[in-house]
Amino acid sequence: IHQRLSMSTIGRLVRVTLFGDVDGGTAGCILEGLPPQLAIKQDSIVKQCIRCAYDQESISPVRFLSGIEQDKLIGTPVAILHSASSSSANRINPASYEALPRPSLADACHMVKFGRPSAFCPSFCPNEPTCQIPFVAAGFIAEQWLKLQHGIEIVAWVTTVGSTQENTIKETVNFNEITREEVETTHPWRSGNVEIADKVAKEIQFCQDEGDTIGGIITCVCRNVPAGIGEPVFDGLDARLAQALLSLPDITGIQFGTGFDGTRCYGSQNNDIHKKFGSQLCTETNHCGGIQAGMSTGENIVFSIAVRPSPAINQPQISASFSGLEKVVPSSPHYHACTVPYLVPIIEAVTALTLADCAMIHLAGGTMTSLNGVVFADKNEATNESLSARLNTEIRLKEQYQRRLRLRVQAEATRLPKNIPVDSIHSVFLKQAIVYHIAHLQFFSKT
C-alpha cells in the first residue's frame, strides 16, 4: 500500500508530489519542506519554465494556488498548476491503444498493471511540455533556496546527440565557468558551443526529415556544494540523484565523474589526490565527480545522463495485440525528432530538488560544517562572526517554527467540543493531535 501511495512523490523533507497526466490537459505538483520567507522571483520562474517548451510563444504561465504571498514562501505547501494550451485534437485516445500497444511506450505494462494503457503517466513525461512545467517550477524554487543557503549553482547542457563527437564538446566546456546564459546562446540545441550546435542541428534535421528520433547525452555540473552532504550506504547522494534522474522517462543511464571511462584506468591514475589550499582541503583532480562514499567532497558534482531516442516516432510501426493479432500502429501526435535539449531544464530541476532534500536532511542532523558555501577543513577555522550569524539564524528559525506550532495547537484546541464523550473517536483524535504538536514544541525548546 505504501508503494502505491508514494509512487508520485519524491523527497523526504523537501518533497514534491505530482498530479495530472500527459493527455488530461492539466498537470501540477505540490512542493513541501522549504522554509518560509524565501523570496521567489516569479518572472525568473517563468523564464525557466519556458525553456521546456517546444513552442515557447504558445505556453501558458504556471499558476501558484497556495504557499506564496507577496513573492515569498509562507511555509505552507506550494501548489503549482499548469493547463495545456494545445488543442484536444493532439491528445491521445487511450482506448485506441488498449488492443494494440505502441512500441517502447509501456502501454503493455500499463495494461497489465492498471488495466488501461495510460492509467498513470508521470507529470514530467518528456514528450509533452504541459507536464514538465510545474515540476520545473518546483525545482527552480528549490534551487533558489540552495543558492541562498550555500551558493550552489546548477547548469546542464547537451553533450552529444547521435553521432556528434562527445570528446569534442567536453574539451570546449569549462565546468567552473559555464552558465545557463551561455548554454541558451545555442538555443534550441543547448550545447553551449556554436560549432557543436551546428552539428547537432544537422543530426536532428536528418531525423526530422525521416520522421525518426534520436537520443543523446546531457552533462550537469553542480558548483559550490558543501562537503558532507549525503548519507553513506543506501542514502548516498549519488544514489539519491540516480534514483531521481532515472525516474524520468527516456533516461537510460547515469555516470559520475569519469564513469565508465574510469574502468580503463589504473587506480593510481583514477585516484583523486588531496591537497590543502588555504583553509580548504581539496583534490587535484575530480575523477569521482564530486561524490565519494555517498557524500559530497566539496568539489564540483559532475554527472552525465544518457537519453534514448524517443519511441514516439512519426512512422507507422507493426505491433502485436494481446490476442496475437499484428497491426500497424499510426504515427504519434506527440512527435519530436529529439527531446534531449528540452530535458535540460528538467535535469536541473530534479537535481535541485534532490540536493535541497539531502541538504535539508544534513542540516537537520546538525552535522553541517559549511557556512555560506565555504567548506572548512577544520571547524576551528570558522570565524566567531560566522558562527554567531549561523546560531542566530537557527534560533530565529526555531522561534518561527514554535510560533506556527502554537497557533496550530490553539486551533486544534478550539475545535475540541466541550460536551463530548471522552472515549469518542473525534475527541481522542483531536487530543492526540494536540499532544503531537506539544511534543514537537518541547523538543525544539530543548534543542
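## A predicted chain with two open sheets

Cysteine 52 has 0% relative accessibility and therefore counts as buried (buried is under 20% relative accessible area, exposed is over 50%, and partly exposed is in between, with a 1.4 Å probe and protein chains only). Please keep in mind that this is a predicted model, where local features need pLDDT of at least 70, side-chain atom pairs count only at pLDDT 80 or more, and totals for chains, interfaces and linings use all residues. Residues are numbered from 1 along each chain as its sequence is written, and side-chain values use heavy atoms, with hydrogens and water left out.

**The chain as a whole**

- The chain has 12 helices and 19 strands; these are DSSP runs numbered from the N terminus, with helices being H or I of at least four residues and strands being E of at least two.
- Buried residues make up 44% of the 447 in the chain.
- About 22,800 Å² of the chain is exposed, and carbon and sulfur atoms supply 54% of that area (accessible areas come from the Shrake-Rupley method with a 1.4 Å probe, and for residues only the protein chains shown count as cover).
- Taking contacts between residues at least 6 apart in sequence, 71% join residues at least 24 apart; a contact means heavy atoms within 4.5 Å.

**The sheet of 5 strands**

- An open sheet runs in the order E1-E2-E3-E7-E4, with antiparallel pairing (two strands pair if DSSP finds at least two bridges between them).
- Strand E1 (9–10) and strand E4 (63–66) stand at the edges with a single partner strand each, so one side of each has no neighbour in the sheet.
- Strand E2 (residues 15–20) pairs with strand E3 (residues 26–32) in the antiparallel sense over 6 bridges, and threonine 17 has isoleucine 30 in E3 as its bridge partner.
- E3 also pairs with strand E7 (residues 78–83), in the antiparallel sense and over 6 bridges.
- Between E3 and E7, alanine 27 has histidine 82 as its bridge partner, while cysteine 29 stands opposite isoleucine 80.
- As background for reading such pairs, side chains in a regular strand alternate between the two faces of the sheet.

**The sheet of 4 strands and its helix**

- Another open sheet has the order E8-E9-E15-E10, with antiparallel pairing.
- Its edges are strand E8 (153–161) and strand E10 (251–256); each has a single partner strand, so one side of each is left without a neighbour in the sheet.
- From one strand to the next, the twist averages 20°.
- E8 pairs with strand E9 (residues 216–223) in the antiparallel sense over 8 bridges, and isoleucine 154 has cysteine 222 in E9 as its bridge partner.
- Helix H10 (residues 340–364) packs on this sheet and touches E8, E9, E10 and strand E15 (301–307); the direction of H10 makes about 145° with that of E8 (axes are lines fitted to C-alpha atoms, for helices over the stretch in contact, and angles run from 0 to 180 degrees between N-to-C directions).

**Helix H3, side by side**

- Asp107, His110 and Met111 are buried in helix H3 (residues 107–114).
- These residues cover an arc of only 100° around the axis, which puts them on the same side of H3; the arc is that of the directions from the helix axis to the C-beta atoms.
- Cys109, Val112 and Lys113 are exposed on the other side of H3.
- Glycine 115, just after H3, takes a positive phi of about 90°.

**Cysteines**

- A search of the whole structure finds 0 disulfides, where a disulfide is a pair of cysteine sulfur atoms within 2.5 Å.
- For cysteine 52, the closest cysteine sulfur is in cysteine 49 at 6.2 Å, too far for a bond.
- Cysteine 265, at 37% relative accessibility, counts as partly exposed.

**Backbone details worth a look**

- Histidine 187 and proline 188 are joined by a cis peptide bond with omega of about 5°, and proline 188 is found in the loop between helix H6 (180–184) and helix H7 (194–210).
- Glutamine 70 is not a glycine, yet has a positive phi of about 55°.
- Glutamine 70 lies in the loop between strand E5 (68–69) and strand E6 (72–73) and counts as exposed at 79% relative accessibility.
- Asparagine 224 is not a glycine either, and has a positive phi of about 65°.
- Asparagine 224 sits in the loop between E9 and helix H8 (237–246), where it counts as partly exposed at 37% relative accessibility.
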